[in-house]
Structure formats: structure tokens, C-alpha cells
Amino acid sequence: MQDLMKGKRGLVMGVANDHSIAWGIAKALAGQGAEIAFTYQGDSVAKRVKPLAESLGSSILLPCDVEDLASVDTVFAALKERWGAIDFLVHAVAFSDKSELKGRYADTSRENFSRTMVISCFSFTEIAKRAAALMPNGGSLITLTYGGSTRVMPNYNVMGVAKAALEASVRYLAADYGPAGIRVNAISAGPVRTLAGAGIADARLMFNYQKRHAPLRRTVSIEEVGGSALYLLSGLSGGVTGEIHFVDSGYNIMSMPHPDVLKQ
Ligand code: NAD
């Protein structure tokens, strides 16, 4: 299949470098003809994101820190001026203080709880509202989540709580925007070696454990997440909204490691 995204325009938020999940998604979308605008968090990220955006022919690259709502508004005002309307949006943004991505969830501070929730959860609601205003003919939005939302993943802590709220937001937003033909879904990715992933204590152990115990006996690539995002952002998934779609080599279906693996 070719040109699934031809004539479609949208925004990808969350590329930090060429290991970012958002980059895997952007490559898949551009490969099918999408025109993409990118945001980056700050100057230190800009020098890595600029050549990546240019390599996909993007001419819109804007700074955006989701903690600063004015910068979010500036992005959507610029998109309105340049394109008038958009067809899709990718939210691949998350943050929590590294010092609390280890140890007990019970020790989470109020300050970091609030900050984690605003950046990693509520920003999607704020961004969805602004994106929907630029989707008069409908559209598709996705965010990125992780299985630590529903089951305890050691050290994931407050981020698991934020992802649970993010997944609930996906369902509420899907109900709110469905009548306007706007679909809202999430991809629950298995562990990927990225900057954000590296912030979690013992990330390598978790990565290797899931690699060993997932039905496919491997982790997933950003290109595979990109393929599923392409499905969710294109007309191929026209009847799908409010879903949490796992791209995790099947890890989430297991209740315990397979005995064959335990015997090894
Ligand atoms: P990444 O570090 O490449 O991307 C995280 C992005 O969030 C970065 O681009 C960073 O600049 C951005 N960000 C953080 N705070 C921000 C702020 N205040 N304003 C704007 N942008 C901000 O890591 P990634 O793993 O590609 O993360 C993308 C998404 O995928 C996140 O939501 C993450 O939780 C999710 N996810 C990651 C994994 C994994 O194992 N890496 C698994 C499942 C889900």
C-alpha cells in the first residue's frame, strides 16, 4: 500500500533524537506521503531535531514546552496560519523527576506528582482541544502509553499513575470528539531504549526481562510502533476510537513467564 497519508498534514510532538518513538512514527507517516510539522522542547534538542525534520522535507519546526501553555498556543496559531487545518496529531511527551523513578511509589512528592501529571497526562487534553479546533473535517490523534498503567512495574511509580490517567483521558476525549469525526487512541509500546526510557531505574533489566518473556521473545522497534501509528492515524482504522493498542511483542497477555523460558 502506498500514499496512505497523501494530502494529510499533522503535528508530531516529542522527537528528541533518532531513537525517539516519535521519530519512528514520523518516518512511517512521511513514507506514506504525510506532511509533518514538528515541535521540540528546547534549544539543546533543537540541533538534533532540525536535521531530522529537514530530512523528511518538513518546513515547520517550532519550540514547545507543554508546561508553558503560551508556547502551546503559539504552535497552534502558527499551524492555523500556515495550513488552516490539520488531519493528525502525535503526542509523545512525558516527564517525571528521575529521582522518583526508583524506589517506592509511596514516596512520591506532591510537587513531582503534579508536574508529572501536567506534562505526561493533562498536556494531551490541552493539545487535543487545540488540535480539534483545527480539524473541521475530522482527524486522528494518538498518544503514547505503557503497561505500567494497569500493572505494577517496579520503579515506574508515578509515571504509571500518570499513564493510567492518560489512558482514561483517551477514552473521555474519544467520546467528546467522536461526534466531530475526530478519533483518539493510544499506543501502549513495549520498552524501547530512548532518553525517557533510560530515566527509569533498572531500565536495562526491565528491557531484557520483557525481551525474554514476551510471546515474540523480543522487544519492539520504533519502526514497528510507527507502523501501528500509521494505521491509527490513517483511514485504515476509520472505525477505531478510544482504544489502547498494545505494540509490545504480546508481553501484556502473559500472566507469568512461559515454563520453557523459566527452565532455560
Ligand atoms: P524520548 O525521550 O525520545 O521522548 C520524550 C519526549 O518528551 C522528548 O522529546 C522530550 O523533549 C519531550 N518532553 C518532555 N517534557 C516535555 C515538556 N515539558 N514539553 C515538551 N516536550 C517534553 O522518549 P520516548 O521513549 O520516545 O518517549 C515518547 C513517549 O513514549 C512518552 O510518552 C513515553 O512515556 C512513551 N513510552 C515510552 C516507552 C519506552 O520504553 N521508551 C514505552 C512506552 C511508552
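Me: How do α1 and α8 pack, in terms of angle and axis distance?
Reply: In this predicted model, helix α1, covering residues 21–31, packs against helix α8, covering residues 222–233, at an angle of about 55°, and their axes are 7 Å apart. That angle makes α1 oblique to α8, and the crossing in which α1 passes α8 is right-handed.

Me: Which residues of α1 and α8 actually meet there?
Reply: On the α1 side they are I21, W23, G24, I25, K27, A28 and L29, and on the α8 side I222, E223, V225, G226, G227, A229, L230 and L233. Sorted by class, the contact of α1 with α8 has 10 nonpolar, 3 polar and 2 charged residues.

Me: Is α1 largely enclosed or largely open, and why?
Reply: Helix α1 is largely enclosed by the rest of the structure, because 8 of its 11 residues are buried. The buried residues of α1 are I21, A22, W23, G24, I25, A26, A28 and L29.

Me: And what follows α1?
Reply: G33 follows α1, and the phi of G33 is positive, near 95°.

Me: Which residues other than glycine have a positive phi, say in α5?
Reply: One of them is N157, which is not a glycine and yet has a positive phi of about 45°. N157 is placed in helix α5, and it counts as buried because 26 other C-beta atoms lie within 10 Å.

Me: What about R217, where does it sit?
Reply: R217 sits in the loop between α7, residues 203–213, and α8. Its phi is also positive, near 55°, in a residue other than glycine. As for burial, R217 counts as exposed, because it has 12 C-beta neighbours inside 10 Å, and the cut-off for exposed is 12 or fewer.

Me: Back to α5 then. How does it pack with α4?
Reply: Helix α4, residues 110–132, and helix α5, residues 157–177, pack at an angle of about 20° with their axes 9 Å apart. The angle makes α4 roughly parallel to α5, and the crossing of the two helices is right-handed.

Me: Which residues make up that contact between α4 and α5?
Reply: From α4 there are N112, F113, T116, M117, S120, C121, F124, T125, A128 and A132, and these meet V158, M159, A162, A165, L166, S169, L173 and Y177 from α5. The residues of this contact divide into 13 nonpolar, 5 polar and no charged.

Me: Why would residues three or four places apart in a helix point the same way?
Reply: An α-helix has 3.6 residues a turn, so residues three or four places apart point the same way.

Me: Changing topic to loops: where is D65, and what is it in contact with?
Reply: D65 lies in the loop between β3, residues 60–63, and α3, residues 69–83. Leaving aside neighbours within four places in sequence, D65 is in contact with Q41, G42 and S71. For G42 in particular, the separation from D65 is 23 residues in sequence, while the C-alpha to C-alpha distance is 7.3 Å.

Me: Is D65 buried, exposed or partly exposed?
Reply: D65 counts as partly exposed, because it has 16 C-beta neighbours inside 10 Å.

Me: Where is S237, and how many C-beta neighbours does it have?
Reply: S237 is in the loop between α8 and β7, the latter being residues 244–247. With 18 C-beta neighbours inside 10 Å, S237 counts as partly exposed. Its contacts, leaving aside neighbours within four places in sequence, are with Y231 and L232.

Me: How far apart are S237 and R183?
Reply: S237 and R183 are 54 residues apart in sequence, and their C-alpha atoms are 9.3 Å apart in space.

Me: Zooming out, how many helices and strands are there, and what box does the chain fill?
Reply: The chain has 9 helices and 7 strands, and its C-alpha atoms fill a box of roughly 60 × 45 × 40 Å along the principal axes.

Me: What does the radius of gyration say about a compact globule?
Reply: For 264 residues a compact globule would have a radius of gyration near 18 Å, and the chain has 18 Å, which agrees.

Me: What share of the residues is buried, and what share of the contacts is 24 or more positions apart?
Reply: Buried residues make up 43% of the 264 in the chain. Of the contacts in the chain with a separation of 6 or more, 75% are between residues 24 or more positions apart.

Methods. Residues are numbered from 1 along each chain as its sequence is written. This is a predicted model: local features need pLDDT of at least 70, side-chain atom pairs count only at pLDDT 80 or more; totals for chains, interfaces and linings use all residues. Helices (H or I, at least four residues) and strands (E, at least two) are DSSP runs, numbered from the N terminus. The radius of gyration is taken over C-alpha atoms; the globule rule is 2.2 Å times the number of residues to the power 0.38. A residue is buried if 20 or more other C-beta atoms lie within 10 Å of its own, exposed if 12 or fewer, and partly exposed in between; C-beta atoms are placed from the backbone. Two residues are in contact if their C-beta atoms, placed from the backbone, lie within 7 Å. Axes are lines fitted to C-alpha atoms, for helices over the stretch in contact, and angles run from 0 to 180 degrees between N-to-C directions. Angles under 35 degrees count as roughly parallel, over 145 as roughly antiparallel, 65 to 115 as roughly perpendicular and the rest as oblique. A crossing is left-handed if the near helix is turned anticlockwise from the far one by less than a right angle, and right-handed if clockwise. Ala, Val, Leu, Ile, Met, Phe, Trp, Tyr, Cys and Pro count as nonpolar, Asp, Glu, Lys and Arg as charged, and the others, Gly among them, as polar.
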